[in-house]
There are 2 protein chains.
Amino acid sequence: MSGGAYRAAGVDIDAQDEALGQVKELVRSTATPGVLSELGSFGGLFQFPEGMRKPVLVASADGVGTKLRVAQLADDYSTVGHDLVNHCVNDILVQGAVPLFFLDYVGAGVLAPEKVVQLVQGVAAGCRENGCALLGGETAEMPGFYKVGDYELAGFIVGVVEADALLGPERVVEGDVLIGLPSSGLHTNGYSLARHVLFEVLGLDISSPLPVASGDSLHRNVGEALLSVHRTYLPAVRSLLESPDLHAMAHITGGGLTDNLPRVLPTGLGASVEKGGWRPLPLFDLIQEAGEVSTEEMFRVFNMGVGMVLVVSSSAAPSILSELGASGHSPWRLGRVRQGSGVDYGA
Amino acid sequence: MSGGAYRAAGVDIDAQDEALGQVKELVRSTATPGVLSELGSFGGLFQFPEGMRKPVLVASADGVGTKLRVAQLADDYSTVGHDLVNHCVNDILVQGAVPLFFLDYVGAGVLAPEKVVQLVQGVAAGCRENGCALLGGETAEMPGFYKVGDYELAGFIVGVVEADALLGPERVVEGDVLIGLPSSGLHTNGYSLARHVLFEVLGLDISSPLPVASGDSLHRNVGEALLSVHRTYLPAVRSLLESPDLHAMAHITGGGLTDNLPRVLPTGLGASVEKGGWRPLPLFDLIQEAGEVSTEEMFRVFNMGVGMVLVVSSSAAPSILSELGASGHSPWRLGRVRQGSGVDYGA
């Protein structure tokens, strides 16, 4: 009767084992040369890269937030893991770091193995896209803690950068140019407000056609628009990481351009953003109009189409812009660094 | 009106900022020489230790499970963070690694700043106890996802070990001695069953006196018994980590001795445990009797009083036992490694 009473208390160890088997295959698909361990050992083992001069580890933890609710409504948990990895990769990328490995945490009231596998499928896809090993993770079944069908997903990334290649405010000077890179949508922020406006104010459901100008053929319905995967900017900037002309980067997440740009500017400097320089996705206009949200707030809650901002020397800006453009990353001149503080949005 | 509509959607950015300020002080209290960043930067920065020959990073992710429910019932979230850090420290310790840094993830429907601070107080206490820096973390407010008053807590740890000091099955040989180190209670496993038996079968509540033999003066009531902090074994074994006589360690978590001991034994070898060698805490007897749980299952669900098992060479076992005893870690000879597989429990 082993497991019997435990199962009566709501925990099914077998279900966890079943998911684990399928998960192991996905984990293997992300293996990089540094990986020394198999999933299932107490801790994941990663051979530290040799030949670095003065390595600095860069680590970040994050979740997917209420984008998980959208995944649940769409009955598709296969992409939020990809969002999470890309989000974490971007968070350490802005300090100049490239990822080494990632670990995930999945919590649920009752683990449906196929849902766990979907979640890890997304995580594994993100790890493969970024050359980052999925080194381990935890899958926790917590009866009565989560509503049946709810899944929590958190992740943790570790990357490395040479001390003298760290990016940040100390490199930024007045006149530096801001280069914008496009987001794929909401990425992983602003979902509480977006859901409120789309589902409550507009009364749409997950499979409704997105009521935007026919010109926008990006997304067929609300679910697809809201679930578009958070973009990773590692492929775009990897070749720039050693360049002295790249001074800083800002990952535009919660707080938008308004809160995230100043985080990478030194005291005494602010940013002028030329709002006319790009067109946010129609999804943002839809939310602003239907929700009667002020422009000021839109720029604090959403990325507004700007997923990453590069702060580069004015002299090198033209070549960096053309280089990024030539490699298909659709950059544009977002603005410049000026005296003062905060962010102003010019015409 | 900035924040207005966002607040209407259930997210209060100010509440997060308020908690963040208090959390920063706790984070500073855990700083070690490797820490290069302040909380609030995109990613935490940690200067990799110099002078290592062939360093291997060891990483682990974990949660606190439904021990969180007990913390909620006791209206005390100040210790579960300590449980989490110690659990993670033990998970990498069994491979010979000492911790470098830790990151936490807190999820809630509505963040009560004082609860977040309590959670981080525990995490910080665990980090200080283990000389592990709290390098960062994420605090996520997810309206409607968690019940009001519910808090999820997950953590991620990174440690390091020299490649030639890695512990594991490949070092273990027949005749090796198993040394047990006592747990402080349930640690972080078996809470679903424990809660089921104590609260449903026995009808106790969180503040009921623990109905055990008066000889047990360890705990005054159910809440205190269930919340006793998961012990860290780093202080006990740190001085042994470089010793060739320490072959492997098993952290006794979910699955108990029955599932965790075989994880550190090579194919062809099993373990004989002398059950008479120690007396599990009365709490375990209470749960087994009241829940009519078989002994077999008790040893798969609970640590049964054994928090960590050291697998050491038989020649060095006596000196290691006396060394651990002299330093107050209450070790005992738990059993030995024998031919075969699995774990048998002798008289």
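Here's a quick tour of how two chains fit together and what sits inside them. The model is predicted, so local features need pLDDT of at least 70 and side-chain atom pairs count only at pLDDT 80 or more, while totals for chains, interfaces and linings use all residues. Residues are numbered from 1 along each chain as its sequence is written, chains are lettered from A in the order in which they are written, and side-chain values use heavy atoms, with hydrogens and water left out.

**The two copies**
- Turn chain B by 180 degrees, with 0.0 Å of shift along the axis, and chain B lands on chain A with an RMSD of 0.0 Å (a least-squares fit on C-alpha atoms of residues with pLDDT of at least 70 in both).
- The copies are thus related as by a two-fold rotation axis.
- They meet through the same surface, because 100% of chain B's interface residues are also interface residues in chain A.

**The nonpolar core**
- The largest nonpolar core (buried Ala, Val, Leu, Ile, Met, Phe, Trp, Tyr and Cys joined through side-chain atoms within 4.5 Å) has 250 residues, and B:Leu57 is one of those touching the most other members.
- Leaving out residues up to four places away in sequence, B:Leu57 has contacts (heavy atoms within 4.5 Å) including A:Leu57, A:Phe101 and B:Val160.

**Strands and a helix residue**
- In strand β7 of chain A (a DSSP E run of at least two residues), six of six residues are buried (under 20% relative accessible area, 1.4 Å probe, protein chains only).
- β7(A) runs antiparallel to β9(A), with five bridges joining them (pairing takes at least two DSSP bridges).
- A:Ala248 has A:Val311 as its bridge partner in β9(A).
- A:Asn90 lies in helix α4 of chain A (a DSSP H or I run of at least four residues), and A:Asn90 is buried at 0% relative accessible area.
- Among the residues A:Asn90 touches are A:His251 and A:Met308.

Note on methods: Buried means under 20% relative accessible area, exposed over 50%, partly exposed in between (1.4 Å probe, protein chains only).
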